[in-house]
Amino acid sequence: MATEDEYWQAIQERVCAKCLEGDGKGNCRLAPDGYCALKTNFHKVVEVVNSVYSHSIVPYEEALRKHVCDNCRFQSLSGACAMRTEVECALDRYFPLIVEVIEENQRRAHMAGSLWE
Ligand code: SF4
Ligand code: SF4
């Protein structure tokens, strides 16, 4: 299994490099008091992705809502989130790519492990 640092490095290369709040090279340009739900909840996001295996994004999104969004300060009791509606949450905006990156690294780490077994 890849370590969380390895997952985060891959996220910076593939997601932060694309992010509207990034500098195009993987560095975040958010102000120090800026909020990124992906960065803040990264441990939980990795757990969510690793707990699901599907060719559809739907079960990943359901798990994300249940384990991350339901505890997020931006989501109302009704389950609505203005950040999500306004496409301002990087975690939600790039979630399919985030799943892809984490699963690719998981597979790569698994294959590297098998070679040594
Ligand atoms: S806002 Fe989040 S996803 Fe975007 S560049 Fe910063 S850390 Fe990466
Ligand atoms: S979509 Fe909304 S509730 Fe979910 S993590 Fe992003 S800001 Fe929080």
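User: What makes the space taken by ligand 2 a cavity, and where does that cavity rank?

Analyst: On a 1 Å grid over the protein atoms alone, a cavity is a set of points where a 1.4 Å probe fits but cannot get out. The space taken by ligand 2 is the largest cavity. A molecule sits in one if more than half of its atoms lie within 2 Å of its grid points. This is a predicted model: local features need pLDDT of at least 70, side-chain atom pairs count only at pLDDT 80 or more, and totals for chains, interfaces and linings use all residues. Residues are numbered from 1 along each chain, chains are lettered from A and ligands numbered from 1 in written order, and side-chain values use heavy atoms, without hydrogens and water.

User: Which residues are around ligand 2?

Analyst: With a heavy atom within 4 Å as the criterion, they are Ala37, Cys69, Cys72, Phe74, Gln75, Cys81, Met83, Arg84, Cys89, Leu91 and Asp92. The shell splits into eight nonpolar, one polar and two charged residues.

User: Which helices supply at least two residues each of that shell?

Analyst: Helix H5 (82-85) and helix H6 (90-93) do. Helices are DSSP runs of H or I with at least four residues, and strands are E runs of at least two; the protein chain has seven helices and zero strands.

User: Why does the radius of gyration agree with a compact globule?

Analyst: The rule is 2.2 Å times the number of residues to the power 0.38, over C-alpha atoms. For 117 residues that lands near 13 Å, and the protein chain has 15 Å, so the two agree.

User: How much of the chain is buried?

Analyst: Buried (under 20% relative accessible area, 1.4 Å probe, protein chains only) covers 36% of the 117 residues.

Terms used:
1 Å grid on protein atoms, 1.4 Å probe; cavity = no way out; pocket = protein on both sides within 12 Å on 5 of 7 lines; lining within 4 Å. Nonpolar A, V, L, I, M, F, W, Y, C, P; charged D, E, K, R; others polar. Buried < 20%, exposed > 50% of the residue type's maximum accessible area, 1.4 Å probe, protein only.
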